[in-house]
Structure formats: C-alpha cells, structure tokens
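Visitor: I am new to this structure and would like to be led through it with care. Could we look at it together?

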Amino acid sequence: MSGAVDPLALLTAYQQSAVLSAAVLSGVADALAEEVAGSHGPDAVGAGKTVEEVALGAGSDPRATRILLSALVALGLATRVDGLQAGAPVDAGTRFALSEAGAPLASDHPQTLAWIVRKEWFFYGVWNELPAAIEDGRARIAPWRRRLDDDRATAFGFLRALDDLAARFGGELAEAAAELLPAPADPYEDAPAPGDASAPGDASAPGDASAPGDAPAPGDAPAGGRPVASGPLRLLDVGGGAGSHAARLAGLRRDVRPTVLDLPELQPLLSERHGGLPFVAGDLAAARFGRPEGERWEVVLLANILHDHPPADCARLVHEAAGLLAPGGTLLLYDWIPDADTAAPDLPLFAVMMMVENDGGDAYSEAEHRAWLEAAGLTEIELRRGYGPIAVVAARAAADTT
Ligand SMILES: C[S@@+](CC[C@H](N)C(=O)[O-])C[C@H]1O[C@@H](n2cnc3c(N)ncnc32)[C@H](O)[C@@H]1O
C-alpha cells in the first residue's frame, strides 16, 4: 500500500471518526431517526427534520448541530431532503435525515452501531496516551477486574459492542468452528437454521458424558475424514463475556451445549444478551479456571482471550483449557493472528490496540499459537482464515485409549 499513502490524510482521519461518533454520543443521530409525523422510521428520508427540531430532540446547541449535520451529509451518513449537497446553505426550513448508511447510528436500529461507537470513543481517550505507552511499553487501561469494579458501565458497554460485532461478523467464525468440530452424532444436528443465532438453553451437567446408545464411537472417521461425536458436545466458553460466540455456534450446531465461564460480575450481561445460556463463575487466573477436578468438556472455546495476555500467560491459558478437555475433545481459539501474506493494516493496528489496552497484550503469530497448543499436548491443529481479521484454530486432545 506504500505508494498510495498520504500521511496528511492519515493524520486527519480522526475528524471523520469523531464526527460519526459525535452524531451518536450527542444524541443527534437518535433525534434524526426519531419518528415524526410523516416519517417512517430510521430508514425514511421522508419528511426529515430541521436543525431546530434535531437540536430540540438531542438537547444540543442549534449552531453546533447545524455544523455537525452538514458534516454528516458530507460523509454520506445523512442526507438533505432537498437533495442539495453538503456545502449548500442551511436555513430554518432545511430538513435532514439519516442516510441508509447512517441509519445504524441510531440506537434503536436493528443493526445499531451505537455501542460500537461508544467503545471506540472510549479508546480515543486511551489512544491519546499512545506515545507514552510506546515510551514505557505499559498499557493505559486498568486490568479487566479493576475496570469492572471502577467503571462497570463502560466495561459492560465494551462487551455489548463485542456482542454487536459478533452479530455482524461472528456468523462466519461459527461456521468455520462448526466444521472443525467432530461431526454430529445425529447429522440433523448439523443443519444450520439461517439467521438463528440463539442457543438452546439446556446444558447437560458438566462431566455427564452420557451419549445416546446408538451413536457412532467418538473418533470414528466418516467419509469426510472428520471424527464423529459420541453425543452432544458440551462447550465451555472461557471468558465468554456476553456469550456471543457460544450462542452463534450453538445456533449452527444444535448438538453444541454451551456454558459461559466468566467473572461473576458478568452474569447480568449474559442474561441481557444471551439469557438462555448457562453461566458459571470462574477465573482465568485460577487452575482449571476454577472448575472442579475431573470435570471434562468436549469443547473449550477461548474467543478473543489470548491477545489480552503476555505470551507466558497465553501458554498457561492454553494449558489450563487443554486440561479441561474430555478425551478427543476440541480446543477452539478465535483470535487475531497475523498472516504473513497480507498487507492489510487491521492486524498491526489491532496489536497496537492490545498493547495500549492490556499489559503484555499483542496479536500473536500462527507459530506462537501452534507452539502453545503443542506444548499443551494437543494435536491435529488446524487454522482457518478468511473471516475478516479473526482466525479460527482447532486442536484436539488425545482420544482415550484405555
Ligand atoms: C476481550 S473480552 C472477550 C469476550 C468474548 N469471549 C468475545 O469474544 O466477545 C475478554 C473477556 O474475558 C473476561 N475476563 C477477563 N478477566 C477474566 C478473569 N480473570 N476470569 C474470567 N474472565 C475474565 C472478561 O470479563 C471478558 O468477558
């Protein structure tokens, strides 16, 4: 990309991002989207609203609102109902509406970006301290536990944003993961219900590995080469947050029975976002994440966890996760794993984000992931890419040979 880079354009890109964010945070986007007589919801350009009406709805300053609205039009996030360009003069009768692209800025839009915008706005403040973080190599946000204690609203907002991102981008990750798991004992369990991302609420008790009597033996290789599960796959989503990825996977694979493990403070958020999923309190820092000795899971998922930790902790987390697997069980990792063949900036920028957000955080290479998995005694390591910047990795525990 180097030939086309314009450092000055990069330098001022924050302005566009700030205008978009301000539309959400000031309430202007919601005021624009609000139903008014003659308007038909957030997508309607219909009647639109005057500057005065928007300012009244948002409780914002009319002059500042006028300036913001023209900038939103210039960015294509709003339109003028008179069809004129962003630079045309605005008078008391000029009406504005969110454009189709801008409609998700409204908080009641079905694909709202509002939580994601709030998350990024929080990080604006953090990135202000990037030069200092580069100087001393230290993160600029408190460790997660303290974030939950000191400012739970922001921590929950962050996880709501991750859940909304998973709703947009998590489907492909779930499809890849579903293919990497052992094939379902009952092939009908594999049939994805389009758009159905909800998970079945029932969790069989952990450790209860009873399988339907006529299921194929675990490890049996069907025609496709995949082992066949001996029954339902109990999945522990470690650091599962709002339950986003467990829910999507269970929506695709009806034989997957997820349970979310996270810090106890997270339970209300799981109830809010994916209330059907069982929750267990646990701790990434504890042996077996706090789960009792002897408990085994057919699948353990670490989604977006390793990048928050320094390498030695990653090795330990993978080791603990592997220790929770039933014989032949699968460890799934979803993570930002740089691809040597791509020049896209997402991964290197994400690594910067991790560095400034978590002490020792980073985006780790495929080789590092493989080394942690192998050190934990796992084999059949398979990595799939092509779902945006996040890769899906599966690795298998040894089958029980006794
Ligand atoms: C980056 S979020 C990932 C959430 C989710 N897996 C996802 O992909 O959307 C990190 C998660 O780890 C959890 N977490 C952080 N420290 C933890 C700890 N010591 N024990 C258990 N969970 C923890 C957080 O509560 C949060 O849900």
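**Contacts, core and strands**

Visitor: Leaving aside neighbours within four places in sequence, which residues is Leu181 in contact with?

Guide: This is a predicted model, in which local features need pLDDT of at least 70, side-chain atom pairs count only at pLDDT 80 or more, and totals for chains, interfaces and linings use all residues. Residues are numbered from 1 along each chain as its sequence is written, and side-chain values use heavy atoms, with hydrogens and water left out. With contact taken as heavy atoms within 4.5 Å, the partners of Leu181 are Arg226, Leu233, Leu249, Arg253, Val256, Val299, Thr330, Leu332 and Arg396.

Visitor: Which helix gives the most to the largest nonpolar core?

Guide: A nonpolar core is a set of buried Ala, Val, Leu, Ile, Met, Phe, Trp, Tyr and Cys residues joined through side-chain atoms within 4.5 Å, where buried means under 20% relative accessible area (1.4 Å probe, protein chains only). The largest such core has 51 residues, and Leu181 is among those that touch the most other members. Helices (H or I, at least four residues) and strands (E, at least two) are DSSP runs, numbered from the N terminus, and the helix that gives the most to this core, with ten residues, is H8.

Visitor: Is strand S5 largely enclosed or open?

Guide: On one side Val256, Pro258, Val260 and Asp262 are buried, and on the other Arg257, Thr259 and Leu261 are buried. Seven of the seven residues of S5 (residues 256-262) are therefore buried, so this strand is largely enclosed.

Key: Buried < 20%, exposed > 50% of the residue type's maximum accessible area, 1.4 Å probe, protein only.
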